[in-house]
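Please look over the model shown here with its pockets, its cysteines and one of its helices in mind. The report below takes these topics in turn.

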Amino acid sequence: MSYVDGFVCAVPNDKREAYRNHAEKAAQVFKKYGADKVIECWGDDIPAGEITSFPMAVKCQENETVVFSWIWWPSKAVRDEAMPKVFDDPMCDPKVNPMPFDGKRLIYGGFEVLVDC
């Protein structure tokens with residue numbers, strides 16, 4: 001059964017290309033260790049919300065945009081085996097591939113696929 005890691009973060013608008021570069025490098029690492037697909041989406045139509053919302057969840061500031069991302073794995077077992085390798089990969093060293101956003105406001109989690117149409 002497929003497995004998905006999901007991420008939401010706030011990225012400064014002037015760091016969009018730096019984020020794209022960071023994400024493309026990270027995607028290569030995830031795919032190297034077994035991910036089927038890595039998707040990165042720059043927010044375009046993100047309502048603010050009154051009780052909950054993507055912007056509220058990541059404390060998005062006026063000069064930032066919400067980014068929604070996910071990694072599609074063939075299974076949780078492949079993902080679980082890959083993650084230590086991903087974090088040990090030199091490309092994931094912040095000195096080599098710095099995160100152009102505040103990682104403290106990153107939201108992430110692993111999900112079982114419930115419906116795949």
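What follows is a reading of a predicted model, beginning with its pockets.

## The largest pocket

The largest pocket encloses about 640 Å³ of space. Its lining is made up of 29 residues, and those closest to the centre of the pocket are Phe 7, Phe 30, Phe 87, Met 99 and Leu 106. Two or more lining residues come from each of β1 (3-12), α1 (16-32), β2 (37-42), β3 (64-73), α3 (76-88) and β4 (107-112), and α1 gives the most, with 5 residues. Sorted by class, the lining of the largest pocket has 21 nonpolar residues, alongside 4 polar and 4 charged ones.

Met 99, one of the residues closest to the centre of this pocket, is found in the loop between α3 and β4. Met 99 counts as partly exposed because its relative accessible area is 46%, a value that lies between the 20% under which a residue is buried and the 50% over which a residue is exposed. The C-alpha atom of Met 99 is separated by 16 Å from that of Asp 88, the two residues being 11 apart along the chain.

## The second largest pocket

The second largest pocket has a volume of about 160 Å³, and the residues that line it are Arg 16, Tyr 19, Arg 20, Ala 23, Glu 24, Glu 40, Cys 41, Trp 42 and Val 67. The elements that give two or more residues to this lining are α1 and β2, and α1 gives the most here, with 5 residues. By class, the lining of the second largest pocket holds 5 nonpolar and 4 charged residues, with no polar residue.

Tyr 19, which is among the residues lining the second largest pocket, has its place in helix α1. Tyr 19 is buried because its relative accessible area is 7%, which is under the 20% cut-off for burial. Between the C-alpha atoms of Tyr 19 and Phe 7, residues 12 apart along the chain, the separation is 14 Å.

## The two sides of helix α1

Helix α1 contains 17 residues and spans 24 Å from its first C-alpha to its last, close to the 24 Å expected at 1.5 Å a residue. How are the buried residues of α1 placed around the axis? The residues concerned are Tyr 19, His 22, Ala 23, Ala 26, Ala 27, Val 29 and Phe 30, which are buried. They cover an arc of only 160 degrees around the axis, so they sit on the same side of α1. An α-helix has 3.6 residues a turn, and therefore residues three or four places apart point the same way. On the other side of α1, the residues Glu 17, Gln 28 and Lys 32 are exposed.

## Cysteines without disulfides

Why does the structure hold 0 disulfides? A disulfide requires a pair of cysteine sulfur atoms within 2.5 Å, and two of the cysteines illustrate how this condition fails. For Cys 9, the closest cysteine sulfur is that of Cys 60, and because it lies 9.4 Å from the sulfur of Cys 9, it is too far for a bond. For Cys 117, the closest cysteine sulfur belongs to Cys 41 and is 18 Å away, which is likewise too far for a bond.

The surroundings of these two residues can also be set out. Cys 9 counts as buried because its relative accessibility is 3%, whereas Cys 117 counts as exposed because its relative accessibility is 95%.

Methods:
Residues are numbered from 1 along each chain as its sequence is written. This is a predicted model: local features need pLDDT of at least 70, side-chain atom pairs count only at pLDDT 80 or more; totals for chains, interfaces and linings use all residues. Side-chain values use heavy atoms; hydrogens and water are left out. On a 1 Å grid over the protein atoms alone, a cavity is a set of points where a 1.4 Å probe fits but cannot get out, and a pocket is an open set with protein on both sides within 12 Å along at least five of seven lines; lining residues have an atom within 4 Å of a point. Grid points are joined across faces, edges and corners, and a volume is the space filled by probe spheres set on the points. Helices (H or I, at least four residues) and strands (E, at least two) are DSSP runs, numbered from the N terminus. Ala, Val, Leu, Ile, Met, Phe, Trp, Tyr, Cys and Pro count as nonpolar, Asp, Glu, Lys and Arg as charged, and the others, Gly among them, as polar. Buried means under 20% relative accessible area, exposed over 50%, partly exposed in between (1.4 Å probe, protein chains only). The expected span of a helix is 1.5 Å times one less than its number of residues. The arc is that of the directions from the helix axis to the C-beta atoms.
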